[in-house]
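Please read these notes with the model open beside you. They are numbered so that each point can be checked on its own.

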Amino acid sequence: MSRTALRICPLCEATCGLTLTIEGTRVTHARGDRDDVFSRGFICPKGASFGAVDSDPDRLRTPLVRRDGELREATWEEAFDAVAAGIRPVVERHGPNSVGVVLGNPNVHTMAGALYPPVLLAGLGTRSVFTASTVDQMPKHVSSGLLFGDANAIPVPDLDRTGHLLLIGANPLESNGSLCTAPDFPGKLKALKARGGTLVVIDPRRTRTAKLADRHIAVRPGTDALLLAAMTQVLFEEGLTEPAPHVQGVEELAAAIREFTPEAVAEACDVEAGEIRALARDLAAAPAAAVYGRIGSCTVPHGTLASWLVDVLNILTGNLDRPGGALFPQAATDKTPRPAGPGRGFALGRWHSRVSRHPEAKGELPLSALAEEIDTATEEGEPVRALIAVAANPVLSAPDGDRLDKALDSLDFMVSVDPYLNETSRHADVVLPPPPPSQSPHHDFAFNTLAVRNQVRYTRPAVPLEPGRMAETEILARLILAVTGMHGADPAAVDQMVIDQTLGKAVTEPHSPVHGRDPRELAARLSGDTGPERRLDMMLRLGPYGDGFGVRPDGLCLDKLLAHPHGIDLGPLEPRLPQPLKTRSGRVELLPGPIADDLPRLRAALAERPEGLVLVGRRHLRSNNSWMHNVPALTGGSNRCTLHIHPEDAERLGVEDGAAVRVKGAGGEVTAPAEVTDTIRRGVVSLPHGWGHNRPGTRLSHASTDPGVNVNQLLDGRLLDPLSGNAVLNGVPVEVAPEAGPEASAVTEKLTALT
C-alpha cells in the first residue's frame, strides 16, 4: 500500500518542496509540492529523480574498514574504534594541524552537514581546513566580508520585483541558481520579461539563460572584473551614481577606478566601448535593478574584484538594500539580530598555508593546496598526515587530481564520511556511509540565508531509518567524539554541549530575548525528538522571528513549524541596513584596503591578450558537480562530457564534430569528444565539471560505463585568485588538437553509441 510524504529536495540550491510516493520503505515517485510556500510545485529533473538517487544500489550500507590493505565491511563499533585509533595518535604526536579536514559541497545540503562540522573543527583545533568554497564561491565571501564586515552577508537579487537584471557568469536555467536560492529560477526570469523587465546576460557561451536574455554579451573569459570596472567608471564619469545609504569611500573609489574607461578595457574584454556604456546607462536608468554574478565570475584570476564590483554597481545605482534591487535575506535560524553599529570587521591572512604561504580566507586554506600540504616537507610545521573528508571528492573537484590521488595514498590515516566508494573515499582507511536522504530530516540552514523570499520549512524523515544504518547526525557526533579524545561517550552529549554553550552565551547578551534568564530552564523547554531537532528549536526561538522562549507568543518554534508541513512564509525581502553591517566603521566600506591593493594587478590585465584557446567550464541541469553521474535517469542526452568548440576554431584546427580531441593544459591532458557548436564564442572551448569516473577501486557502476574526463586535471593548481585562494578554473590557456590512433576511434564510437 502506497503513501505520500513531504520532503525538501537536497539535490541543488533551489530547495524545492517535494511530495514523495512511498511503497513500503521505497520512494517510487516524486512530484513538486504545490502547497510548498516557497517552490509552489516547481520541480526539475533532479527532484523528479529523487527516488532513483535515494535507492541507488551502489550506496554503501555498512561502514568499511581497511584490513590487510583492503576495505571490508565492519560494524559501526569497529569503524569508530578504528577512527579513534587512527586519528588521535597523529594529533598527539604531531599536533592538530597535522590533521586536515575537507568539507565537500553536499554538506550544505544536509542538516548534519550544517550542524556538526563547526563542532568538529573547534574540537580538533586544526587550521588545515579545506572546503569546496575555494573552487567555487570564496571570492564572494571575501568581497562581502570586506564590504560589509561579514563574509556570510551576501545580498541576493530581488527576482520577483526587479525590473532590470544583469547576470554575469551565471546560468541559472541549468544550475537552478547559486548563492541565490530561488525555486523556479526559469519561471522568475520569464515573469521578469513578461512584466516588461530587461534581462542582460554576460557570458562567453550562449547558454540556455543567455538565449532567454534581451541582450547577451559574449565577453572574453577572465575579463569580468575589467568589464564591471568600466561600467563603474561610466557611472562616475556621467554623474549616474546614487549611492545607497550607510556607505563610505565613494570619492576614493571614483579616483581608484578612473583609468578603467570603456575604451581602455574594450580590446581586453572584446566588448565595444559603446556597448559597455550602454550597459552602465541602462542599469542606472532602471527604476529597480540588480546585478548578480556567479561561478563564471568567481573562478577567474580576479574573482574577488569581480565579486566586489557586482556589489559596487548595486551600491552606486542605489539598488543595494531596496525592493527590486539586491537585499540581505533574513533566515529564521539567523542569530538574534544585534543593534546596528561598528563590529569586528573581516580579516584575511590570519595564518598561511605551510608550503606556498597562501593566506587563509574565512578560516580556510585553498583546496588547490591540499596535495602539497600532504606530500611536501618544509622546515615550518608538520605536513598533513591524516585526513577527514566529509562529503568531499577533491580528486575530481580540485586541480591536478592525479597529484592529490598519489598524496592521499601517502597519508598515515584517512576517514571519509560518504555514501559512495568514489575517487576520493577509495583511499580511506574508514568509510562511514550516511543513509539516503529519504531517511534523514531536512532544514536548509545555509540556503535560507540566501533565499529570494524569507520562509522557513522543515521535514522529518520520510522513511524510517533502515536497520543497520546510522543517522548522519549520529555519525558526525560520534566522529567528533572519536577524534577529540572522547571516544565511547554518548553522542547526545555533543548536541547538549552546543545547547548549553549557546544558551549560556545568549542569556548574557543584552539584545537577546532571553537576557538574564536561567539557561537550564530554557534548555528544559526545548522540544524535539532528537538532539538536532532540539538545536533547531533553540535556533528558531532565539532567531529574528522566534518566540524568545515565550517572550513573543506568536513567534516561531519547532512545534509551530511542525504544524505547518508545507512551510511558513515570512514575506518578501526587506531593507535591513545598517543592521547586517559588522565593519569596524559600521558602514559599507566601498574601497577596502585589500581591494585597493589588488587593483594594480587588474590594471596590468589591461595589456593582457590570450594567445590561442582558453578553457571555461559548464553546468548541466541534470547533475550537481560529481554527485549524480551514477543515476541512469540523470545521464545521457545533453548531460555529456564533450568539448564545446566554435565551428571556426574547429575548422582551423582540423577538428570534426564527434571526433576525439586532445586537450592539454598546465596540469596534464585529457581526450574527449568534440561537440562543434556556435553557442560558444571563438577562441574558447568548454568542458563540464565533475566527470572522470575511471579510477580503479571505486564502486560507481553506472558512472564508470561513461566516465568522461576530469577537466580539473588540465590545471596544476598554481593559478589562484590571491585574495580568496579560489582556484582559477575559467579563462585558462589550453591547447587542442585532433586525437589520432585507437583511442580516438574508441571515443568516437562511444559518442556515436550515446547519441
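1. The largest cavity holds about 740 Å³ of space. A cavity is a set of points, on a 1 Å grid over the protein atoms alone, where a 1.4 Å probe fits but cannot get out. Grid points are joined across faces, edges and corners, and the volume is the space filled by probe spheres set on the points. By this rule there are five cavities of 30 Å³ or more.

2. The model is predicted: local features need pLDDT of at least 70, side-chain atom pairs count only at pLDDT 80 or more, and totals for chains, interfaces and linings use all residues. Residues are numbered from 1 along each chain as its sequence is written, and side-chain values use heavy atoms, with hydrogens and water left out.

3. What lines the largest cavity? Its lining has 46 residues, and Gly169, Ile295, Gly296, Arg618 and Arg619 are the ones nearest its centre; a lining residue has an atom within 4 Å of a point. Two or more residues of this lining come from each of α7 (172–175), α14 (295–298) and β21 (613–616). Helices (H or I, at least four residues) and strands (E, at least two) are DSSP runs numbered from the N terminus. By type, the lining splits into 17 nonpolar, 19 polar and ten charged residues. Here Ala, Val, Leu, Ile, Met, Phe, Trp, Tyr, Cys and Pro count as nonpolar, Asp, Glu, Lys and Arg as charged, and the others, Gly among them, as polar.

4. The second largest cavity has a volume of about 90 Å³. It is lined by 14 residues, with Lys140, Ile154, Pro155, Tyr292 and Gly293 closest to its centre. At least two lining residues come from each of β8 (156–157), β13 (289–293) and α15 (303–316). This lining is made up of eight nonpolar, three polar and three charged residues.

5. Six strands form a closed barrel in the order β21-β25-β22-β24-β23-β26, and the pairing is mixed. Two strands pair if DSSP finds at least two bridges between them. On average, neighbouring strands of this sheet are turned by 45° against each other, direction ignored. Axes are lines fitted to C-alpha atoms, for helices over the stretch in contact, and angles run from 0 to 180 degrees between N-to-C directions.

6. Strand β23 (residues 660–665) has two partners worth finding in the barrel. It runs antiparallel to β26 (residues 732–738), joined by four bridges, and Val663 has Val736 in β26 as its bridge partner. β23 is also antiparallel to β24 (residues 668–676), with six bridges, and Arg662 stands opposite Thr671 in β24. The two strands β23 and β24 make a hairpin with two residues between them.

7. An open sheet of seven strands follows the order β5-β4-β17-β16-β15-β6-β7, again with mixed pairing. Its edge strands, β5 (70–73) and β7 (129–131), each pair on one side only. Neighbouring strands here are turned by 20° against each other on average, direction ignored. Strand β6 (residues 99–103) runs parallel to β7 through three bridges, and Leu103 has Thr131 in β7 as its bridge partner.

8. Helix α3 (residues 76–94) packs on this open sheet, touching β4 (64–67), β6, β15 (386–390), β16 and β17, and its direction makes about 125° with that of β17. Helix α5 (residues 117–124) also packs on the sheet; it touches β6, β7 and β15, at about 170° to the direction of β6.

9. Is Ser425 buried or exposed? Ser425 counts as buried because its relative accessibility is 1%; buried means under 20% relative accessible area, exposed over 50%, and partly exposed in between (1.4 Å probe, protein chains only). Ser425 sits in the loop between β16 (413–417) and β17 (430–432). Beyond its neighbours within four places in sequence, Ser425 is in contact (heavy atoms within 4.5 Å) with Leu71, Ser416, Asp418, Tyr420 and Val431.

10. Some backbone angles deserve a check. Most residues other than glycine have a negative phi, and most peptide bonds are trans. Asp184, in the loop between α7 and α8 (185–194), has a positive phi of about 55° and is partly exposed at 26%. Phe549 also has a positive phi, near 55°, but Phe549 is buried, with a relative accessible area of 1%. The peptide bond from Leu577 to Pro578 is cis, with omega near 10°.

Methods: 1 Å grid on protein atoms, 1.4 Å probe; cavity = no way out; pocket = protein on both sides within 12 Å on 5 of 7 lines; lining within 4 Å.
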